[in-house]
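Q: Please take a close look at one part of this model, the barrel and the helix that packs on it. Explain how the pieces fit together, and then set the aromatic contacts beside those found elsewhere in the chain.

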Amino acid sequence: MTVVRVSGLLAALAACGGLWAQDGAAPAYRTDASNPHAPWYQPRPLEFPPRDSAHAVTGTLVVADYIHRSGTFRSADGALNDFAMPPYGTAAYAGAEAELRDVPLGTSCVFHLHEDATGAFTRLAAMEDDFSTAVAQGLSWRLNAIHDGALSATIRRAGADAGSAAFAVDAATRVWKGEGRATLADLKPGDELLIDCRDDQTQQPRHCCDIWAGADAQARATAAQRGRHKAFLIARGLPGWIERVDGKKLTIALFSRDHATLQALFADTGVVPATWLKDHRWLGVVVADHELRTYNPPVDQQHGPLVEMLPPPSDGYGCGGVRWVFEPRTLLEGFRPGRLVRVFAHDGWKVEDMPYGEGLYEHGFETNDDDPGLFPYRTDLYNPDLPWFAVKPGAFPPDQSAHRVGGELVTIDAAHRAGRFRSDRGGALVDFTMPPFGTVLRCGAEGELTDLPLGTHCWFDLHQDAAGAFTRAAVVLDDASRLVQDSVTYRVEEAAVDGRLRVARQIPPIKDFQDQMITPPDLGRCELPVDAQTRVWKGGKEATVAALVTGDVLLADHGAISASSPGICTEIWAGPDTIAATTDHQRLQHRALVKAQGMPGLITAIEGRLLTVVFFAGVRADFPPLLDGDPWGKPVFVAACDDLLKAQGAFVRMGFANHLPESATAGTYGCSGIRWVVDSDHAEAYHVGQVLRVLKEGWPLPTGQEAAH
């Protein structure tokens, strides 16, 4: 992300002369207000960054990923800016500490950003909506008038007038006054307002999404948000990091928006640290990862007494001003300096697993996305100092070993299993080819390159070629297939307004440990841009964007992603029945093609007359129904192929000898896991690593061919 101009509420605050007021000498690093030639502050382990050290940018929240504490905002210049929150990163909404899930999409916020390893401002130390920023700066607005969709107000600072402001309002503007919801007509000149704005910040005047009129409404909004965040922390524990380990004693510094916020939480929840220390009250502590996710708290938590309270650490972003010394019964592997924990500070807090989809231990299996040691090679997430996995001829590369790149499919060369895509945002053109095991997914089912419409945004899982360039595509999949892979669908929360659908990301209901069906919480929210060319399928027929209503479940494909657009939706499939029918159609279409051309596979062993063949597949679960059982006592028909999966001669009749258990191909790209042994009269004509196509008896041979014996 580039440094962009300050706008919106930041500009109003700066005009009041108080946004960046600093005491004492200027720091040695660059800030928004000083030292333009100095380097920006670089976050360091176990240090809370100084509160003036981040670059403040006003933007509109357009993507929020609750699980990975990340998202995207649109800055005033229209650019999309990705961010990720470090463990101490905080959010504020309606004047209280919040999680990303609490901030509505389309809300204007101030994002306080540090540089990442590449120098881009993507590390979000703190964010707050206009309401929270105004409260922190002692700012409000006094209503003058509302006329013809425009609100005029006087800026108030510390009880004195400090300029004027104008805002746009419409029927979608939410108004809160007194004890509840109100209307624009209920606002009166002289009302003291706090305002959240939305959407395009280049629009003048800016557009109000929420207005809180009067101290009562404002206090209610803050209290409600404080209650939401309190419930969130009670269920998951207070986050913090381990500063040091002395014998069995852990020094833990807790995270919070600031010291006052954490003290207020203690008061609200009955946590009395001085009494806890005097009584040697026991705490529960569990290990967390860099996203503050935990494994299995009811089993993994360690109990022990609070034995000391230390002076607060130096203040900074995310510092709660509390350092506790805790002595667990057992010193776990994860209890090391710099590691993250969650603390259950009250024995009345029920210790449970995180909601399904959020934790690192999901109802009997442990997710593998947080252990770099699982990968003895570089991946997109881990081990940047290791080389990428080198694909070996005649072998299937392990899943997650490829480099995933997004881009718009520009050209296809079906005959050579190749094509070209334009990479996201940067726009570079990349040529790719597909190895024999390479597969294509369309709408969650296997397909061919020709099934993907040109202009579709796809994901390319790429391995390096001989020159070290990422051009060998193990998988090409459209956006809808990526959602299917992740068991995710969208749910419409706000019907299309100004060309955008606002949707939640959700996973399907699942059985809990009590064998009861539960609906997991949403994973996040995002915007889906739509236009007149967006094709919509709903209720078994083609529809329009206007037919999409709140609650509709969707899959979607997008077009090109650019620096300022997440990709206009090219196709949307609405409703479980429509989604299932679309996937089934693609699956059956590909199944018919395979039956016509033969199942592609690879010879992995030759013993005398016996050839062991493992078959290719993009979706493992779809391959056994294609086989429709093993052909015991029946012949099969086999043709040698080149690396483009083209038969190099007639199909040869062979005997089916055996179906072997899967070998070491679980969790690999392009492998079905199905191994057949076939009996050939001329095994010497084949070699290990050779590509074949195999037809079952009853499947038609290609036109003009008869099976040779």
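A: What follows goes through the helix, the barrel and the ring contacts in turn. The model is predicted, and local features are taken where pLDDT is at least 70.

Start with helix α8, which covers residues 576-597. At 1.5 Å a residue, its 22 residues should span 32 Å, and the end C-alpha atoms are indeed 32 Å apart, so the expected and computed lengths agree. Seven positions in the helix are listed as buried: T578, I579, T583, Q586, H590, R591 and V594. An α-helix has 3.6 residues a turn, so residues three or four places apart point the same way. The buried set includes polar and charged side chains, among them Q586 and R591. Just after the helix, G598 has a positive phi of about 105 degrees.

Next comes the barrel. It is closed by 6 strands in the order β39-β40-β43-β42-β41-β44, with antiparallel pairing. From one strand to the next the twist averages 50 degrees. Helix α8 packs on this sheet and touches β39 (599-607) and β44 (691-696). The direction of α8 makes about 100 degrees with that of β44.

Within the barrel, the pairing of β40 with β43 can be followed in detail. Strand β40 spans residues 610-616 and strand β43 spans residues 671-679; the two run antiparallel and are joined by 6 bridges. In this pairing, T612 stands opposite V677 of β43.

The side chains add a further link between these two strands. The structure holds 26 aromatic pairs. A pair of aromatic rings is described by the distance of the centres and the angle of the planes. One of the pairs joins W40 and F121 edge-to-face, at 5.2 Å centre to centre with 85 degrees between the planes. W40 sits in the loop between α1 (9-15) and β1 (55-65), while F121 belongs to strand β7 (residues 121-129), so that pair links parts of the chain 81 residues apart. Both W40 and F121 are buried.

In the barrel, F615 and W676 also form an edge-to-face pair, with 5.2 Å between the centres and 85 degrees between the planes. Because F615 lies in β40 and W676 in β43, the pair ties together parts that are 61 residues apart in sequence. F615 and W676 are both buried. Ring pairs extend this contact into a cluster made of F615, F623, W632, F656 and W676.

Aromatic rings elsewhere in the chain take part in another kind of contact. R281 lies over the face of W276, 3.8 Å from the ring centre. R482 is placed over the face of W459, at 4.2 Å from the ring centre.

Two backbone details outside the barrel can be set beside G598. D148 is not a glycine, yet it has a positive phi of about 55 degrees. D148 is in the loop between β8 (139-147) and β9 (150-157), and it counts as exposed because its relative accessibility is 69%. L292, also not a glycine, has a positive phi of about 65 degrees. L292 lies in the loop between β17 (282-288) and α6 (297-300), but it is buried, with a relative accessible area of 3%.

Definitions and conventions. Residues are numbered from 1 along each chain as its sequence is written. This is a predicted model: local features need pLDDT of at least 70, side-chain atom pairs count only at pLDDT 80 or more; totals for chains, interfaces and linings use all residues. Side-chain values use heavy atoms; hydrogens and water are left out. Helices (H or I, at least four residues) and strands (E, at least two) are DSSP runs, numbered from the N terminus. The expected span of a helix is 1.5 Å times one less than its number of residues. Buried means under 20% relative accessible area, exposed over 50%, partly exposed in between (1.4 Å probe, protein chains only). Two strands pair if DSSP finds at least two bridges between them. Axes are lines fitted to C-alpha atoms, for helices over the stretch in contact, and angles run from 0 to 180 degrees between N-to-C directions. Contact means heavy atoms within 4.5 Å. Rings of Phe, Tyr and Trp (its six-membered ring) pair if their centres lie within 6.5 Å; planes under 30 degrees apart count as stacked, over 60 as edge-to-face and the rest as tilted. A charge sits over a ring if NZ of Lys or CZ of Arg is within 6 Å of the ring centre and within 35 degrees of the ring normal.
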